[in-house]
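The following exercises concern the overall fold and the nonpolar interior of one protein chain. Each task is followed by a solution in steps.

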Amino acid sequence: MAFDGLMVSVSGVRGRVGEALTPEVMATFAAAFGAWAKTKHQGRPIVVGRDSRVSGPMFTRVVHSALESVGCDVIDIGVVPTPTVQMAVEHHHAAGGLAITASHNPVEWNALKFIGSSGLFLSAAEGAEMRALLDAGIPRATWDALGSVTSDDQAVQRHLDAVLALPFLDIAAIRARNFHVALDCCHGAGSVIMPQLLDALGCQVSAIGMHADGRFPRPPEPVAENLGALSALVRESGAVIGLATDPDVDRLALTDETGRAIGEDYTLAMAVRAVLPARPGNVVTNLSTSKVVQDAAHDFGAHFEFAPVGEVNVALAMQASGSTIGGEGNGGVILPELHLGRDAPVAVALVLHLLATTGKRVSDFVSEHPRYVIVKDKLDRPDVPLTNVYSALRKRFADAVADTQDGLRLDWPDRWVHLRPSGTEPIVRVIAEAPTEAAARQLVADAREPLAALVGAS
Ligand code: MG
C-alpha cells in the first residue's frame, strides 16, 4: 500500500496534517496495529495517549474507532508524555500502546508511535510484521465483537510516583536546596507533569509555555537556537538552571545558571554522573552521541557501548547488556530501573539530584570536563550501496576504531565521525565531533569526499 509523502519509520508514521497525514491514514495504521497486537495478546487492551497538538483530539477519535473496529478495547490516558504511555502499557498489561505525537517536529506535523506489550517501541521485525497487514488486509471485527473505550486519568500521577520512589534519588537533599528553576514546556505535554514533579522536589518554578494547547510559540525541538526565551527567563528570574522539554516530553535540554543553553548532550552526561555512583554498570548510547557521555562513563570506570541510531535500538541494547543508564545525546535519558524509554521527568530528577548531592553549578559540569564541537551535514543518498565509501574511509583512517553497526563510525580518543544513510529520507547524514569546530569540519569534509565522488558518478 502506498502513502504519498508519509514518513514511515520502524516504530511510527508521521506527516503534515491535511497533506500526507489524514484521518484515513491514521485509521489505517491504527487498525493495522490493533489487529497485529491482537494476534500476539488476544483480549488485552491498547493504551492511547497524545501530546498537546491541535490535531490531537481529531486523531484520537479516529484512532479509538479504528482500534474498536478490529475488536480492541482502548484505555485512553489523555494528554500525556510519551514515556507515560509506555509506562501505562506495562501497568495495564496491555497488548500495546499508541502515542499520537510528532515529538519535536514543527506544529503542522502529527504522527503515530507504535509501542509493543513490553512498553518498548516496535523493533524493525515487529514493525515489518505489522505493516504486512496493510497489504494482506486488516481483519475487522463483526458487530458483536467490536472494542470499547474507557479512560484512565491516573497515568501521569503513577509516572510521577514512580520517579519519586526511585530508591537512590535523594529527595530530601533536593528539597533542602529549594532550587529556583526556569521551565519551558513549549505548550506541550510537559505542562501536565513538570510543575507537579518540580513541586514535589521542593523547587520554586518560573515557567513559560505552560498551556497544553499545542500552539507552539517557537520551533519545538529543544536545541540551543530555540531556547532564547528560556535563557532570558533564567537571567531575569535568577534561576539556577533552565529546563526545556519537547512536546512529548521524552527529551530534556538544559541551560546553565547564566542562561546559556549548554547543548542537549549534557543532559545524558549529567544523568550518567548522577546514576553511576549509586548504580554501577554499563552505559549505552547511540552512535551519534557526544563524547561528553562517554567521558562521564569512563570517569566512573563504567563499561560503555554503542547501539545503532533509533530509540528502540538503544533500549534493546540496554536490555541485552543489563545497562543501568543510557539513552541518546539529544536529551533522551533512559533509566531501565523506571522503564526502557526516554523520559524527561526522570532526567529532571536525576539532574537536580546531581546538583544537590555535589553542590556544583550546571556550568561546572561543562567547564570541568573536556569540551567538544559537533558538526552535522547531509548529502543526497547515492543509488548504490555505500560499501566502497566505507572501505575507502577505513583504509584512509586506519588508526581509527571502526564501528559498522549502523553506517560507519570512526573513533579516535578525542574525536569521531559517523556516516549513516537516513531511515526515512533519501539522504546520508554525516556527523563529526572534535575538540574544535575546525577539526570537526575537517572530519566532515574528509568523510564527504568519497561519498560526493559516488553521488557525482551515480
Ligand atoms: Mg519527543
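Accessible areas are obtained by the Shrake-Rupley method with a 1.4 Å probe. The structure is a predicted model.

**Exercise 1.** Determine how much area the protein chain exposes and what share carbon and sulfur atoms supply.

*Solution.* The exposed area of the protein chain is about 17500 Å². Of this area, carbon and sulfur atoms supply 52%. As to the interior, buried residues, those under 20% relative accessible area, make up 58% of the 458 residues.

**Exercise 2.** Establish whether the radius of gyration of the protein chain agrees or disagrees with that of a compact globule.

*Solution.* Begin with the expectation: for 458 residues, a compact globule would have a radius of gyration near 23 Å. The protein chain has 22 Å, so the value agrees with the globule rule. Along its principal axes, the C-alpha trace spans about 65 × 65 × 40 Å. Finally, consider contacts with a separation of 6 or more: residues 24 or more positions apart account for 70% of them.

**Exercise 3.** Describe the largest nonpolar core and identify the helix that contributes its largest share.

*Solution.* The largest nonpolar core has 76 residues. Ile 241, Leu 243, Val 283, Ile 325, Leu 350 and Leu 352 have the most contacts inside this core. Helix H12 (residues 344-358) gives the largest share, 11 residues. Both domain 1 (7-153) and domain 2 (159-167 + 174-367) provide at least three residues each. Next, examine Leu 352: leaving aside neighbours within four places in sequence, its contacts include Ile 174, Phe 179, Leu 198 and Ile 241. Another core, of 34 residues, lies apart from the largest one and includes Ala 35, Val 48, Val 63 and Ile 138.

Conventions
Residues numbered from 1 in each chain as written. Predicted model: local features only at pLDDT ≥ 70, side-chain atom pairs only at ≥ 80, totals over all residues. Heavy atoms only, no water. Core = buried A, V, L, I, M, F, W, Y, C linked by side-chain atoms within 4.5 Å. Buried < 20%, exposed > 50% of the residue type's maximum accessible area, 1.4 Å probe, protein only. Helix = DSSP H or I, 4+ residues; strand = E, 2+ residues; numbered from the N terminus. Domains from an automatic or database assignment. Contact = heavy atoms within 4.5 Å. Rg over C-alpha atoms; globule rule 2.2 N^0.38 Å.
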